[in-house]
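Trainee: Hey, got a minute to walk me through this one? I'm new to it and don't know where to start.

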Amino acid sequence: MRAPDAVSVAVEQGPVELSSGRLLFVDDVSGKVASVPLADASGPRRLSSLSCKRFYTAAGQGLCLADASGPLPGAAAILVDRGLAERRRVEVDGVPNRAKLSADGRMASWTTFVTGDSYSQAGTFSTRTAILDTGTETYSSNIEGTRIAGVKTVNDMNFWGVTFAPDDRTYYATMSTAGKTYLIQGDASDESAKTLRENAECPSLSPDGKRVAFKKRVPGDGARPWRQHVLDLTTMVETPLAETRGIDDQVVWLDNDTIAYGLPGEGIWAVQANGEGAPRQLVPHASSPSLAVD
């Protein structure tokens, strides 16, 4: 996070609410959840009092993944209402990394790093990924017990970056084992999954449920060795996006044609999902975008 006096952003007075058409994000200057209208994303932002490392909104609800407030290291997954008032808090181990809600807000998932601080080098980290079904109150604090079809369970398995299908049962996520990563399709109800393809991380399902955006490891920058792609789940054909910089993020879909993501120090950007066009900056000094949709 930047020091408060390092940059200056235009701020307007007003409540930060999960109102349709507003882009929610974490303000890099303050670490607070903020918002702008998507139609004027570069304009003045509104700041809330809610501090998060990752934030995601769906169906008038929000999920804030924050550092723990106590003296010991840890994190908290905080479910909030439309006005960002806390509804529920789950204390978890580790460093905040990823947060996601299903489209109807029922399913929540978050990932924390427990040891190490990066998955750029395989085998140097450990994650904890949880799934909470707020409808049935079913809570899995760590999905490492998931049965993977055709894969022998080993001690080095890690999971991260969950994204939910509209049925509130099917999800996609990353699994790593033996130095490789896989896109998996899981079933939250019976705790089973199958692998779909290798070399895919941090998936994000499109609003129409037909495609998954993901980051793929490619030769290049050792610190951020990924390029974003979109995978057609019917044909399994992948399309590289026009953004060629290494994006270490679980991107979001603003609609079926547009993907948004954060770049450290460079704000939130957007690019077309079909691989055409050029990246464009949406919001400077910001990260962890998601679009409020009623």
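Mentor: Sure, let's go through the cores, the cysteines and a few single residues. Keep in mind that this is a predicted model.

Trainee: Okay, how many residues does the largest nonpolar core have?

Mentor: It has 29 residues, and those with the most contacts inside it are Leu63, Trp110, Leu282 and Val283. Strand β6, residues 75–80, gives the most to this core, with three residues.

Trainee: What does Trp110 touch?

Mentor: Leaving out residues up to four places away in sequence, the contacts of Trp110 include Leu63, Leu65, Ala77, Val90 and Val92. Arg98, Arg128, Thr129 and Tyr139 are also among them.

Trainee: And which residues does the second core include?

Mentor: That one is separate and has 15 residues, with Val16, Phe55, Ala66 and Ile78 among them. As a general point, nonpolar side chains in soluble globular proteins tend to be buried together.

Trainee: Switching topic: how many disulfides does a search of the whole structure find?

Mentor: One. Cys52 pairs with Cys64, and their sulfur atoms are 2.0 Å apart. The torsion about that S-S bond is about -120°, so the disulfide is left-handed.

Trainee: Where do Cys52 and Cys64 lie?

Mentor: Cys52 is in the loop between β3 (46–51) and β4 (54–58), while Cys64 is in strand β5 (residues 61–67), so the pair ties together parts that are twelve residues apart in sequence. Both Cys52 and Cys64 are buried.

Trainee: Then why is Cys202 too far for a bond?

Mentor: Because the closest cysteine sulfur, in Cys52, is 19 Å from the sulfur of Cys202. Cys202 is buried too, with a relative accessible area of 0%.

Trainee: How about Thr181, buried or exposed?

Mentor: Buried, because its relative accessibility is 12% and the cut-off for buried is under 20%. Thr181 is found in strand β15, residues 180–187. Its side chain reaches the backbone nitrogen of Ala200 at 3.4 Å, and Thr181 also touches Trp160, Met175 and Arg197, among others.

Trainee: Last one: which residue in the loop between β4 and β5 should I look at?

Mentor: Try Ala59, which is found there. Phi of Ala59 is near 55°, a positive value in a residue other than glycine. Most residues other than glycine have a negative phi. Glu191 also has a positive phi, near 55°, and its place is in the loop between β15 and β16 (192–198).

Trainee: How accessible is Ala59, and what about Glu191?

Mentor: Ala59 is partly exposed, at 29% relative accessible area. Glu191 counts as partly exposed as well, at 42%.

Technical notes:
Residues numbered from 1 in each chain as written. Predicted model: local features only at pLDDT ≥ 70, side-chain atom pairs only at ≥ 80, totals over all residues. Heavy atoms only, no water. Core = buried A, V, L, I, M, F, W, Y, C linked by side-chain atoms within 4.5 Å. Buried < 20%, exposed > 50% of the residue type's maximum accessible area, 1.4 Å probe, protein only. Helix = DSSP H or I, 4+ residues; strand = E, 2+ residues; numbered from the N terminus. Contact = heavy atoms within 4.5 Å. Polar contact = N/O pair within 3.5 Å; in protein donor to acceptor, adjacent residues only side chain to side chain. Disulfide = S-S within 2.5 Å.
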